[in-house]
Amino acid sequence: GLLRAAVARGARVQEFSPVVSMRRKDGRWQLETPDLTVSAEKVLVCTNGQSGRLTPELFRSLIRVVVCQSAS
């Protein structure tokens, strides 16, 4: 549903292209993948919290939760 709504409003989706660099340039985002460079006004980071060096501010704001489950 979220993807469909974004595409309906002009978003483009690029699958299987990991972003290796993300920076602001001239008021826009420049995203680089191994194969291409994309320029965008807005970027939605959907990494399940695993963005690491790509978005250090987001990475530092995460709280790690360890869950253990057992049954007998």
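Start with the largest pocket of this predicted model, which holds about 1300 Å³ of space. Select the residues that line the largest pocket, 29 in number, and centre the view on R12, V13, Q14, V43 and L44, which lie nearest its centre. Then colour by secondary structure: α1 (2–8), β2 (28–32) and β3 (37–40) are the elements that each give two or more residues to this lining. Colouring the lining of the largest pocket by residue type should bring up 18 nonpolar, six polar and five charged residues.

Next, select F16, in the loop between α1 and β1 (21–25). F16 has a positive phi of about 55°, although it is not a glycine. Most residues other than glycine have a negative phi. With a relative accessibility of 80%, F16 counts as exposed, because the cut-off for that class is over 50%.

From there, move to D26, which sits in the loop between β1 and β2. Here too the backbone deserves a look, since phi of D26 is near 55°, a positive value in a residue other than glycine. D26 has a relative accessible area of 74% and is therefore exposed.

Finally, turn to the surface and select V45, L58, F59 and L62, which make a nonpolar patch of about 310 Å². Within this selection, L58 can be picked out in helix α2 (residues 56–61). Is L58 buried, partly exposed or exposed? Its relative accessible area is 32%, so L58 is partly exposed, that class lying between the limits of 20% and 50%.

Key:
Residues numbered from 1 in each chain as written. Predicted model: local features only at pLDDT ≥ 70, side-chain atom pairs only at ≥ 80, totals over all residues. Heavy atoms only, no water. Patch = residues over 30% accessible without salt bridge, like charges linked within 9 Å, V, L, I, M, F, W, Y side chains within 5 Å. Areas by Shrake-Rupley, 256 points an atom, 1.4 Å probe, with all protein chains shown as cover. Salt bridge = Lys/Arg side-chain N within 4 Å of Asp/Glu carboxyl O. Helix = DSSP H or I, 4+ residues; strand = E, 2+ residues; numbered from the N terminus. Buried < 20%, exposed > 50% of the residue type's maximum accessible area, 1.4 Å probe, protein only. 1 Å grid on protein atoms, 1.4 Å probe; cavity = no way out; pocket = protein on both sides within 12 Å on 5 of 7 lines; lining within 4 Å. Points joined across faces, edges and corners; volume = space filled by probe spheres on them. Nonpolar A, V, L, I, M, F, W, Y, C, P; charged D, E, K, R; others polar.
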